[in-house]
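Ready for a few short exercises? Try each task yourself before reading its solution.

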Amino acid sequence: MRRRKPPAGAVAKAPAGLPYPLIENWAWQDEAACRDVDPELFFAAESERGLRKHARETLAKSLCGTCPVRRECREHALVVGEAYGVWGGTTEEEREPALHARPH
């Protein structure tokens, strides 16, 4: 199993709302279907709108549909309040109601 190294200058303590940087908190990412996919599939370009955005999100969500850690990914996005991109098969618009419902 390949472990990802923390980036240079990584902090030893997580910012408020983020899980602590323990390997157990992030190991699920090693099993992700997207681990070797260009991240641009999951995040909209600033000017992306309409059909182009919908098509990219549909493709990203279809990959998420094959992912063994989709639940963990979606939960991570909700816990940290991830406001951008497709995470665990959900778009930012789909996560928004859940993000507002969570206690701060």
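Keep in mind that this is a predicted model.

**Exercise 1.** Leaving aside neighbours within four places in sequence, find the residues in contact with Glu57, then place Glu57 and decide whether it is buried or exposed.

Solution. Start with the contacts: once those neighbours within four places are set aside, Glu57 is in contact with Val86, Thr91, Glu92 and Glu93. Next, look up its place: Glu57 sits in helix α2, which covers residues 50-64. Last, check the accessibility. Buried means under 20% relative accessible area, and Glu57 has 10%, so Glu57 is buried.

**Exercise 2.** Work out where Gly89 is found, what it touches, and whether it counts as buried or exposed.

Solution. First, the place: Gly89 belongs to the loop between α3 (70-80) and α4 (92-101). Second, the contacts: not counting residues up to four places away in sequence, Gly89 touches Lys61, Cys64, Arg70 and Glu94. Third, the accessibility: Gly89 comes in at 18%, so it counts as buried. One more step is a distance: Gly89 and Thr66 are 23 residues apart along the chain, and their C-alpha atoms are separated by 9.7 Å.

**Exercise 3.** Find the loop that holds Val37, its accessibility class, and its separation from Ala60.

Solution. Begin with the loop: Val37 lies between α1 (23-26) and α2. Now the class: partly exposed runs between the 20% and 50% cut-offs, and Val37 has a relative accessible area of 30%, so Val37 is partly exposed. Then the separation: the C-alpha atoms of Val37 and Ala60 are 9.9 Å apart, with their positions 23 residues apart along the chain. To finish, Val37 touches Phe42 and Leu63, not counting residues up to four places away in sequence.

Terms used. Residues numbered from 1 in each chain as written. Predicted model: local features only at pLDDT ≥ 70, side-chain atom pairs only at ≥ 80, totals over all residues. Heavy atoms only, no water. Helix = DSSP H or I, 4+ residues; strand = E, 2+ residues; numbered from the N terminus. Buried < 20%, exposed > 50% of the residue type's maximum accessible area, 1.4 Å probe, protein only. Contact = heavy atoms within 4.5 Å.
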